[in-house]
Amino acid sequence: MNAAPLMFYFFEVMAGLSALSLIFTRNVFYGALLLIVCLLSLAGIYVLAFAEFIAVTQILIYAGGILVVIIFGIMLTSKISGKPLVVQHTNWFSGALASAAFLGILLYLLSQHSFHTVQASPNPSGNPLHQIGTGLMSRYVLPFEMAGILLLIALVGAAVIASSAKPKKL
Amino acid sequence: MFPLEHFLYLGAVLFAAGLMVVIVKRNAIMVLLGIELMLNASNLNMVAFNQLDPGSIDGQMFTLFVIIVAVCEAAVGLAIIFRIYHYYQTSVPDEVSELKD
């Protein structure tokens, strides 16, 4: 009995259901927790798709970094502490129309096209982690450095924007 | 190896859900959550298509860089939301209709 298909469909259903319930939840904190569930299920799917490094990065950066920052943001921007931050919904019709039309187009195109599935071994050329490490320093070194500079600029900019120095006219 | 279509269907559902969250919710943090969901849908597609070429890691590399850009976007976006909240005492994007008073 192979457990991998069971795990794959379990993670897919978890990701889909948490993303769909993110639409209907009104509490922002519950929304962040649902997004954590969705991202962790996606990390499981990445492991099953032979992308282990991406899965670990997903858990470390998304579930450990971005979501913590978002939860800080939720707590800092709620008016009354102790009361949950509740969102109003608006534009139900246009939102449903846009996303349903987009989903319909995507599903139609995907059902028209049949992708050939290669039954290949996960990674013929050795250790994928070794390959990623070598790639980051050789073939992908320019995007790697650019990403580092972008991260530095963005973090300095975020610190400057959010700093508590009051502007003159307030 | 799992059928590629299942990855792609899940990616389509996640992207549509993210789009709906972005349009429907009246809170800037919720809009950020929707944007993260859409970025993850695109990441899932890239990881799925990377399986078609087992010797290559191009898709995984691109996914890594997308994750880095998502970090930058979340940091700057939350800083701006925080600042706007201090200035207007609201985090509802519809009520912020001017850049300066």
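## Tour of helix packing in chains A and B

Select α1(A) and α1(B): α1(A) passes α1(B) in a left-handed crossing, that is, the near helix is turned anticlockwise from the far one by less than a right angle (clockwise would be right-handed). This is a predicted model, in which local features need pLDDT of at least 70 and side-chain atom pairs count only at pLDDT 80 or more, while totals for chains, interfaces and linings use all residues. Residues are numbered from 1 along each chain as its sequence is written, chains are lettered from A and ligands numbered from 1 in the order in which they are written, and side-chain values use heavy atoms, with hydrogens and water left out.

Both α1 helices span residues 4-24, and their axes come within 8 Å and cross at roughly 15°. Axes are lines fitted to C-alpha atoms, for helices over the stretch in contact, and angles run from 0 to 180 degrees between N-to-C directions. α1(A) and α1(B) are therefore roughly parallel (under 35 degrees; over 145 counts as roughly antiparallel). Among the residues in contact (heavy atoms within 4.5 Å) are Phe8(A), Glu12(A) and Leu20(A) on α1(A), and His6(B), Leu10(B) and Val21(B) on α1(B). The residues of this α1(A)-α1(B) contact comprise 13 nonpolar, two polar and one charged. Here Ala, Val, Leu, Ile, Met, Phe, Trp, Tyr, Cys and Pro count as nonpolar, Asp, Glu, Lys and Arg as charged, and the others, Gly among them, as polar.

Keep α1(B) and add α4(A), residues 92-112: the two pack at an angle of about 165°, with their axes 8 Å apart. α4(A) and α1(B) are therefore roughly antiparallel, and α4(A) passes α1(B) in a right-handed crossing. To show the contact, pick residues including Trp92(A), Phe102(A) and Leu110(A) from α4(A), with Tyr9(B), Phe15(B) and Ile23(B) from α1(B). The contact of α4(A) with α1(B) has 18 nonpolar, four polar and no charged residues.

Next, stay within chain A and select α2 (28-48) with α3(A); their axes come within 8 Å and cross at roughly 175°. The contact of α2(A) with α3(A) has 20 nonpolar, one polar and one charged residues.

Finish at α5(A), residues 128-137, where Gln131(A), Ile132(A), Gly135(A) and Leu136(A) are buried (under 20% relative accessible area; exposed is over 50%; 1.4 Å probe, protein chains only). Down the axis, these buried residues fall within an arc of 130°, so they line one face of α5(A). On the other side, Leu129(A), His130(A) and Met137(A) are exposed. Add α3 (52-76) and α6 (141-162) of chain A and α3 (58-88) of chain B to see what the buried residues of α5(A) pack against.

Methods:
Helix = DSSP H or I, 4+ residues; strand = E, 2+ residues; numbered from the N terminus. Arc of directions from axis to C-beta. Parallel < 35°, antiparallel > 145°, perpendicular 65-115°, else oblique.
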